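Work through the following exercises with the model open beside the text, and try each task before reading its solution.

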Amino acid sequence: MAQFSDASRWMSRALELAVQGRGHVEPNPMVGCVIVHEGEIVGEGWHQKFGGPHAEIEALLAAGDAARGATAHVTLEPCCHHGKTGPCTQALIKAGIEKVVIGCSDPNPKVSGQGIAELRTAGIVVEENILQESATDLIAPFAKLVTQGKPWVIAKWAMTLDGKLASHTGSSQWISGESSRAVVHQLRGVVDAILVGRGTAEADDPLLTARPPGPRTALRVLVDSSALLATSSRLLQTATNTPLLVAVSEDAPAQSRKRLQELGAEVLVLAGSDRSTQMEALLLELGHRKLTNLLVEGGAKVFGTLLDQGEIDEVHAFIAPKLIGGDAAPSAIAGQGIAAMSEALQLRDPRVSILANDIHVHGQVGR
């Protein structure tokens, strides 16, 4: 039992290290590694940037000769294939690591158990599934990308206490306070793409940029079936400086598409005559581009389509202590919706915090 407790302790530290790679390593997964010899950390590291050394290599470099006979605690199964870097399994074997403790196996078909097998063949003791749930949650966006070819969908909205995204006149700025908006800007700075529908773009006229900038500059994605977004929109006015992808239907007039392109936007024509088919095509295209995390900021119809398709993976909801009422005031999610309360999607282990006057609810969606 003591051995398991020690393994959990060091794995917990490896998980802490791993999250420092958020926004820097995608489309690779976040990974942390802690090397321990006789109860003491002799080396630790995390995957710091895409194309750079993996966590195991960073930790082995820090440990040096002390790695021989030591135990490596890695949040994710070590890779065993050549990519932008060499296989971590061979580096661990060459360094003389005696035991490898793993948080979770790698969902990538190029690895998926083969790394563990290679270590065991070399005589290294392997202990699996230590803090497995936390380790799996950490790489969930990467797992969706490599197994489904789609980005991890993060739904973000701000609403009043009575569940409204805007008043019956369309007024929505500002529902949440500055503290909540600061969290949103941090989110924008670590994701690969930010998506809104044309209704939200027209109502709020957002820039969809991170202020201050984060480690990533997200591709801004607009769902505008008919290519009707006004030329005066700040999204279009800044398209030559910050990437903008406008997803339109096959029925969008050619002249309207050309107008968007002339203003600097990339136009993506989506096949299909209904929202669901077009959204599926859009997600697959973003996945094809290796965009790992997609932040969706509205509106209700977009959220409804994603919910009905089972594509919402994570939620950030900001609830302001305000009441506005109104039959015509939009709620957060439209669409067909869930038929029975017993089938409602729930957040797993949701985290609730107070941001000035607002309530922030965040968590992954349980399946």
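**Exercise 1.** Determine how the axes of helix H11 and helix H12 are oriented to each other, and which residues make the contact.

*Solution.* In this predicted model, begin by locating helix H11 at residues 275–288 and helix H12 at residues 300–308, whose axes come within 10 Å and cross at roughly 80°. Next, classify the angle: because angles of 65 to 115 degrees count as roughly perpendicular, H11 is roughly perpendicular to H12. Then look at the side of H11, where Arg275, Ser276, Met279 and Leu283 take part in the contact, and at the side of H12, which contributes Lys301, Val302, Thr305 and Leu306. Finally, sort these residues by character, which gives four nonpolar, two polar and two charged.

**Exercise 2.** Describe how strand E9 and strand E10 pair, and state what kind of unit they make with helix H10.

*Solution.* Strand E9 covers residues 244–249 and strand E10 covers residues 266–270, and the two pair in the parallel sense over five bridges. To follow one of these pairings, start at Val248, whose bridge partner in E10 is Val269. Now add helix H10, residues 254–262, and the result is a right-handed β-α-β unit made by E9, H10 and E10.

**Exercise 3.** Compare the radius of gyration of the chain with the value for a compact globule.

*Solution.* Take the 367 residues of the chain, for which a compact globule would have a radius of gyration near 21 Å; the chain has 23 Å, which agrees. For the outer dimensions, the C-alpha atoms fill a box of roughly 70 × 45 × 40 Å along the principal axes, and the chain that occupies this box has 12 helices and 14 strands.

Notes:
Residues numbered from 1 in each chain as written. Predicted model: local features only at pLDDT ≥ 70, side-chain atom pairs only at ≥ 80, totals over all residues. Heavy atoms only, no water. Axes fitted to C-alpha atoms, helices over the stretch in contact; angles between N-to-C directions. Helix = DSSP H or I, 4+ residues; strand = E, 2+ residues; numbered from the N terminus. Parallel < 35°, antiparallel > 145°, perpendicular 65-115°, else oblique. Contact = heavy atoms within 4.5 Å. Nonpolar A, V, L, I, M, F, W, Y, C, P; charged D, E, K, R; others polar. Pairing = 2+ DSSP bridges. Right-handed = clockwise from strand over helix to strand, strands pointing away. Rg over C-alpha atoms; globule rule 2.2 N^0.38 Å.
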